[in-house]
Amino acid sequence: GTTINLSDYAPPSYLVPSVALTFRLHPNRTIVKAVLDVRRHPDTAPGDELVFDGDGIELVSLRLNGAPVDDVEITPDQLRIAGVPHEPFTLEIETAIDPEANLALSGLYRSNGVYCTQCEAEGFRRITYFPDRPDVLSVYTVRIEAPKADAPVLLSNGNPGAAGDLPDGWHFAEWHDPWPKPSYLFALVGGDIVGAFDRFTTMGGRDVKLGVYVERGKESRTGWAIDSLKRSMKWDEDVFGREYDLDVFNIVAVSDFNMGAMENKGLNVFNDKYVLADPTTATDTDYANIETIIAHEYFHNWTGNRITCRDWFQLCLKEGLTVYRDHEFSADMRSRPVRRIAEVRLLKSAQFPEDGGPLAHPVRPTAYREINNFYTATVYEKGSEVVRMLRIVVGDDAFRAGMDLYFDRHDGDAATIEDFLACFEEASNRPLTQFALWYHQAGTPQVTVETDYDTAKGRLTLTMHQSVPATPDQTDKEPMHIPIAFALFRPDGSHFPIADQSDLVKNGVIHLTKRRDTIIFDGIEEQPVVSLLRGFSAPVTLDIDQPETDRIFLARHEDDLYTRWQALDRLATDTILASYRQSNGETLPASATSLIGLYGEIAGDETLDAAWRALALTLPGETTLGREAGLNVDPDAIHVARETFLAAIAERHATAFADLYDSLLSDESYRPDAPSAGRRALELVLLDYLTVSEADGGRARALFDRADNMTEEAGALEVLMLRQPESGETATARAAFENRHGDNPLVMDKLLGMIARIPGPDAPGRVLQAMTHPNYIETNPNRVRALVASFAGANPSGFHRPDGSGYRLLADVIGRVASQNPQLGARLATHFRSWKGLDAARRDAAHKTLSDLRNMRDLPLDVRDIIDRTLS
Ligand code: B3K
Ligand code: ZN
């Protein structure tokens with residue numbers, strides 16, 4: 001595979017202002033007729049040859065201005081026609097495709113008998129020959145024909161047109177999308193699916209019919225998705241002034257899907273995991289995920305669809321911005337600090353290891369071999385953090401003005417990051433040249449801070465130093481513009497007032513722009529406690545020389561609840577890592593005592609939101625701890641260290657936790673709202689602590705038996721499975737669970753995930769065993785992710801076996817999956833990304849497995865790209 005470079009970007013030679021597609025759906029031979037209105041791009045001087053993309057399709061016929069074409073060349077990935085006219089012309093292309101055989105789940109495929117499409121990034125070329133790139137915008141008219149019995153529902157983008165019967169039990173439906181769009185936003189669905197409907201009236205008075213379609217029999221689980229959609233539509237009007245622009249908005253849930261969901265214009269296609277919910281089959285986490293993903297895809301209607309990307313290097317233009325928008329939405333729907341904690345935990349567990357390893361790349365990359373490998377935590381999550389910082393840097397008012405300008409100026413465009421930033425430069429009247437480095441420089445910046453307090457002068461001096469580590473293809477880095485929100489606390493918990501200092505300190509934010517800077521605060525009449533990076537104002541690692549007592553102070557008194565959690569999390573991380581370093585995790589450092597006490601105070605503090613308390617009591621994850629432990633890491637010892645600390649907290653607070661747990665058990669019937677979810681989250685965290693020291697898992701078993709909702713049922717089972725995998729109570733509960741939910745694959749996925757996360761040496765054997773479970777079907781990405789990705793990504797002590805058994809297991813699955821579904825294979829392969837930080841035995845084992853994989857014959861480019869970069 002060749003490398004595509006941003007610097008080689010050139011506008012398309014041919015434009016396709018309008019497209020008419022006719023599909024005759026057939027499981028093995030669907031016929032696609034495309035009538036394209038083609039014209040030369042006014043700014044280019046192409047040769048006479050027309051080159052369109054294609055991938056694995058059969059050309060049935062081709063006509064240009066109604067006449068057959070002689071001078072045509074078909075290669076595996078292109079259609080080339082020599083000597084095309086200079087004037088606009090019509091191209092009629094007929095292709096044949098095999099949806100049933102399409103296990104890559106890209107292009108047109110079948111999921112449980114339902115025809116559906118996935119065209120981002122380059123799937124449209126698997127349907128017809130086309131300039132399959134996001135800067136070619138077309139108005140689509142689509143006609144779908146199918147046997148009525150197989151596919152009573154026929155959907156595409158835009159508004160519905162004519163529909164009716166055809167001979168021989170067939171029928172047809174026509175759709176027209178008036179908004180020009182790139183081919184990656186095309187979608188089609190046909191199948192025996194059932195819709196649940198509602199309406200939404202936009203702020204401009206447009207009456208929109210909303211539909212959520214699911215497989216027959218699942219209609220009772222659509223309510224939460226529709227509710228989330230209506231709230232998303234309203235929120236985008238209220239907060240960003242964005243109104244919906246078609247008469248219908250449809251969502252279809254399918255069982256086989258490579259990622260979460262897809263924002264096709266007016267016809268979002270979803271992984272059914274992110275649509276279907278009712279209290280007895282979905283957890284609180286499922287409800288929250290559905291809410292935020294429905295919102296995300298809906299918000300793409302403006303950030304992605306009305307304004308799309310000029311090329312795939314600009315992916316963060318739509319993804320980072322849309323993640324930022326769904327974060328803000330969720331923060332408004334639920335508790336802002338609680339959501340912020342979840343975001344930062346995800347960033348640290350998924351994006352920081354990417355940024356610090358061989359797969360590191362800038363938020364806006366400049367080169368790729370396979371674009372599907374760039375739908376990463378860096379583009380999405382760090383991309384969102386960059387937008388969040390942009391708002392801090394320009395201020396709320398200029399941010400909103402900049403967004404309005406962006407929507408106004410670029411509506412209908414295929415835009416770039418430069419276009420986006422220019423809107424904020426104009427709105428704020430300040431250059432963003434240095435800020436733009438966040439898009440261009442990979443790696444997590446490190447900020448170190450030295451503090452000095454001069455009692456006689458009442459002066460606090462902060463000396464800050466920043467550096468950005470070297471990453472693949474980028475060694476020398478420029479200093480970045482890092483906004484560091486801060487506060488200075490008096491011993492009584494009040495804030496010292498802070499005056500602005502020109503551009504350096506503004507509105508409680510230090511703007512670090514040099515490699516090294518000194519910030520002086522005068523009039524600080526007593527030694528302050530310094531709180532930095534409040535709200536996680538920048539995606540950096542921060543190292544501050546600060547006494548333990550100050551850290552404890554912040555974990556107790558910081559009045560911004562996100563930042564209070566951050567202080568506590570820092571203390572817990574340092575304590576666990578000290579234990580890991582000093583004793584392989586067997587014993588705790590003396591300093592742990594006061595922190596352990598603090599957990600008791602927090603758990604019982606009724607003035608604090610239960611959801612926040614649950615997160616405060618959740619210790620840092622082993623992946624994050626392993627990354628922070630540096631090099632030569634032994635994941636077994638990390639696991640032991642975390643468990644030692646957890647057990648000490650459990651022991652110290654056994655009685656208080658038990659009382660609190662009992663008081664939280666509720667007989668109210670299930671509601672998915674944030675306060676009730678918070679109560680259940682706290683209850684389940686406490687249950688885990690209480691089960692550490694319990695011989696029989698009786699409490700978890702009791703909760704499992706009384707639960708009337710999936711959150712408590714699966715939560716109790718998980719505690720049993722992870723704490724006492726071999727106990728009789730666990731076996732009984734597990735059997736009951738399978739009995740109850742064996743016919744629901746999404747619920748069975750939860751069980752597969754639990755099996756995959758049981759820590760320790762037996763994990764690979766258990767996972768192999770679970771692969772024989774009737775529910776585990778390797779062509780379905782949800783099943784593979786639930787078992788194999790949970791194992792490789794969320795069970796460090798189980799996956800990183802020094803004998804390499806975990807690695808071989810993963811490599812075997814990749815080998816099998818990759819030939820059917822390259823994108824899924826490549827996703828799985830990213831779990832090797834942290835191998836260089838492990839101890840020697842594990843490093844050698846990982847290196848051997850990666851080398852074997854690389855030597856595999858017929859490894860698809862997607863997987864090869866990840867393996868090559870991981871090994872380099
Ligand atoms: N835009 C899609 C992701 C497509 C991934 C293609 N490999 C979903 C989203 O981010 O909303
Ligand atoms: Zn997205």
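A residue is taken as near a molecule if its C-beta atom, placed from the backbone, lies within 6 Å of it. In this predicted model, local features need pLDDT of at least 70 and side-chain atom pairs count only at pLDDT 80 or more, while totals for chains, interfaces and linings use all residues. Residues are numbered from 1 along each chain as its sequence is written, and chains are lettered from A and ligands numbered from 1 in the order in which they are written.

Ligand 1 is surrounded by Glu120, Ala121, Met259, Ala261, Met262, Glu263, His296, Glu297, His300, Glu319, Asn372 and Tyr375. Two or more of these residues come from each of strand E20 (261-262) and helix H2 (284-299); helices (H or I, at least four residues) and strands (E, at least two) are DSSP runs numbered from the N terminus. The shell comprises 5 nonpolar, 3 polar and 4 charged residues, where Ala, Val, Leu, Ile, Met, Phe, Trp, Tyr, Cys and Pro count as nonpolar, Asp, Glu, Lys and Arg as charged, and the others, Gly among them, as polar.

Strand E20 also belongs to an open sheet of 5 strands with mixed pairing, in the order E17-E18-E19-E21-E20; strands pair if DSSP finds at least two bridges between them. Strand E17 (193-201) and E20 are the edge strands, each pairing on one side only. E17 and strand E18 (residues 207-215) run antiparallel and are joined by 9 bridges. Among the bridge partners, Tyr213 in E18 is that of Gly195.
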